[in-house]
Amino acid sequence: MHVGTEAQMRAAVVRVAQAMDQAGFAPSKSGNVSCRYRDGALITPSGLPYARMQADDVVEIDLQGRVHAGAGKPSSEWPFHTTIYRTRADAQAVVHTHSPKATALSCARRGLPAFHYMIALAGGDVRCADYATFGTQELADNAVRALHGRKAALLANHGVIAIDATLDGALTIAAEVENLAGQYLALLQAGLEPAILDDAEMARVADKFANYGKL
Ligand SMILES: [Zn+2]
């Protein structure tokens, strides 16, 4: 991702967290946002309303979750952020939402099949990670498994994780997952069986995304 000053990166974390909240993806102060910074990460704080969040509230942690001296309390979901950064070299930013439609689907413990080509933004079909209690290492391990080869996963009975090379990219993927979840739920509600795009077609779409830009 673009490497800015610490102040610029803190401001970017707040900007993306507030955009996530304004999109309605973070009810009841849920969700969290982070980006890699030095050998650790900058992550949104625990329990602070997004509208009041300032750059100085963003918490610097190392990849074991230890808080940088003098900082506040990191989001309770820090374990999956640090586990993703330890295991996914391609992840420079993580956006975690409780966006309504994708979260509803996660409560059925179902992922999103490749029923629309835009799912290529997430690297292919979106898996639903096995359930574990929020804030636990077990949840982090389940999430990393579901994210294998992908840039998004659902968390059972919980929400969505999106990762990318930039904060804005991760938010875009989280928004597309919410959009696709709405379409998928509409199909299910109508009793319609979606036609699934095969691997060869998804590979063509991925190639076009890579070579000609998105959309
Ligand atoms: Zn959550």
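**Exercise 1. How many salt bridges does the structure hold?**

Solution. The model is predicted, so local features need pLDDT of at least 70 and side-chain atom pairs count only at pLDDT 80 or more, while totals for chains, interfaces and linings use all residues. Residues are numbered from 1 along each chain as its sequence is written, and side-chain values use heavy atoms, with hydrogens and water left out.

Step 1. The criterion is a side-chain nitrogen of Lys or Arg within 4 Å of a carboxyl oxygen of Asp or Glu.

Step 2. Under this criterion the structure holds 7 salt bridges.

**Exercise 2. Locate the salt bridge of E6 and R10 and state the burial of each residue.**

Solution. Step 1. The two side chains meet with an N to O distance of 2.9 Å.

Step 2. Both residues belong to helix α1 (residues 6–22), where they are 4 residues apart, about one turn of the helix. Helices here are DSSP runs of H or I with at least four residues, strands are runs of E with at least two, and numbering starts at the N terminus.

Step 3. Burial follows relative accessible area (buried under 20%, exposed over 50%, partly exposed in between; 1.4 Å probe, protein chains only). E6, at 27%, is partly exposed, whereas R10, at 12%, counts as buried.

**Exercise 3. Determine which parts of the chain are linked by the salt bridge between D168 and R15.**

Solution. Step 1. The closest N and O atoms of D168 and R15 are 3.0 Å apart.

Step 2. D168 lies in helix α5 (residues 167–189) and R15 in helix α1, so the pair links distant parts of the chain, 153 residues apart.

Step 3. D168 is partly exposed at 37%, and R15 is partly exposed at 44%.

**Exercise 4. Analyse the salt bridge of D164 and K151 in the same manner.**

Solution. Step 1. The side chains of D164 and K151 meet at 2.9 Å, N to O.

Step 2. Because D164 is in strand β7 (residues 159–164) and K151 is in the loop between α4 (137–146) and β6 (152–155), the pair ties together parts that are 13 residues apart in sequence.

Step 3. D164 is buried, with a relative accessible area of 13%; K151 is partly exposed, at 30%.

**Exercise 5. Describe the overall fold arrangement and extent of the protein.**

Solution. Step 1. The protein has 6 helices and 7 strands, in the order α-β-β-β-α-β-α-β-α-β-β-α-α from the N terminus on.

Step 2. The C-alpha trace spans about 55 × 35 × 30 Å along its principal axes.

Step 3. Of the 215 residues, 49% count as buried.
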